[in-house]
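Visitor: I would like to learn how to read burial and strand pairing from a model. Please take me through an example.

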Amino acid sequence: MVLKIIWQIFLITIALGFLFVYLRYIESRSLFYPQKEIDYQPKDIGLDFEDVYFQSQDGLKLNGWFIPANNAQYAVIFTHGNAGNISHRIEKLKFFNNLGCNVFIFDYRGYGKSEGKPSEKGLYIDTKSAYDYLLSRRIIPEKLIGYGESLGGAFIIDLAYKNKMRALIVDSSFTNAADMVRHLYQFLPPWIFASRLESLSKIKSINIPKLIIHSRNDEIVPYKLGQKLYDTALQPKEFLQIRGGHNSCFFESEDILKEKIADFLKRLSE
């Protein structure tokens, strides 16, 4: 009888161990979809750029592009979403360049030409390392604007929470990992997953101008999470509702975005 109980406990322990490993695997695959191959370059659409390599704080070689604009007043540090790499944000680079901003976009560890393997902790490190690189180019924080799309919103919010910058733009992002788990895996308790991606509590303490952007039609990150992020944010803040799916809203709403972001940038200088 005792041996049977011990055996049952052993089998349950093994099953729980496999479940834990499987959930960690699912979590990683859900968060990060890196692509190594660079499909496009800024020069393909007529943009001058510098192909930049810089080092992360923990010693990895990271790759990014610096796209200059004539007489730029601000520099945008761009944290991209969870899939692909920097080469899949070409149109957004052109968008900010046309608004008269220098843009620095970089690939997180494991993405594109950057070394390493992606993780939540690692991406926080990479974002801070990109910020430090811009400071090394004598771009002062008062001229730096953070822009984060989707998953990148969590990392740019963390950067603004811990470091100085002029303004923050968060596009199609969410409050924290727990809220996303409740949306995507309603049958699982959020504490099972290791990721936190805690933006909600951080944005309460960020007192620079903020523009939160979200589409009513977003089928991946619920609109209500973008709204919740805005509602929790400290003033000054603005909200822009756009149209289109999570990955198509930029193209479907480019006219609205151009008008609003151009106005947002103009008022930063007043």
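**Strands, then helices**

Guide: Start inside the sheet of this predicted model. In β9, L211 is the bridge partner of I169.

Visitor: In which sense do β8 and β9 pair, and over how many bridges?

Guide: The pairing of β8 with β9 (residues 210–215) is parallel, over four bridges. β7 and β8 also pair in the parallel sense, over five bridges. There, Y147 stands opposite I169 of β8.

Visitor: Which faces of β8 are covered?

Guide: In a regular strand, side chains alternate between the two faces of the sheet. Both faces of β8 are covered. A167, I169 and D171 are buried on one side, L168 and V170 on the other. Five of the five residues of β8 are buried, so the rest of the structure largely encloses this strand.

Visitor: What unit do β7, α4 and β8 make?

Guide: They make a right-handed β-α-β unit. Helix α4 (residues 152–162) is mostly covered, with nine of its 11 residues buried. Among them are F155, I156, I157 and L159. The buried residues of α4 pack against several elements, including β4 (74–79), α3 (120–136) and α7 (223–232).

Visitor: Where do the buried residues of α9 lie around the axis?

Guide: An α-helix has 3.6 residues a turn, so residues three or four places apart point the same way. In α9, the buried residues are L257, I261, F264, L265 and L268. They cover an arc of only 95 degrees around the axis, which puts them on the same side of α9. The face turned away from that buried side carries the exposed residues E259 and K266.

Terms used. Residues are numbered from 1 along each chain as its sequence is written. This is a predicted model: local features need pLDDT of at least 70, side-chain atom pairs count only at pLDDT 80 or more; totals for chains, interfaces and linings use all residues. Side-chain values use heavy atoms; hydrogens and water are left out. Buried means under 20% relative accessible area, exposed over 50%, partly exposed in between (1.4 Å probe, protein chains only). Helices (H or I, at least four residues) and strands (E, at least two) are DSSP runs, numbered from the N terminus. Contact means heavy atoms within 4.5 Å. The arc is that of the directions from the helix axis to the C-beta atoms. Two strands pair if DSSP finds at least two bridges between them. A crossover is right-handed if, with the strands pointing away from the viewer, the path from the first strand over the helix to the second runs clockwise.
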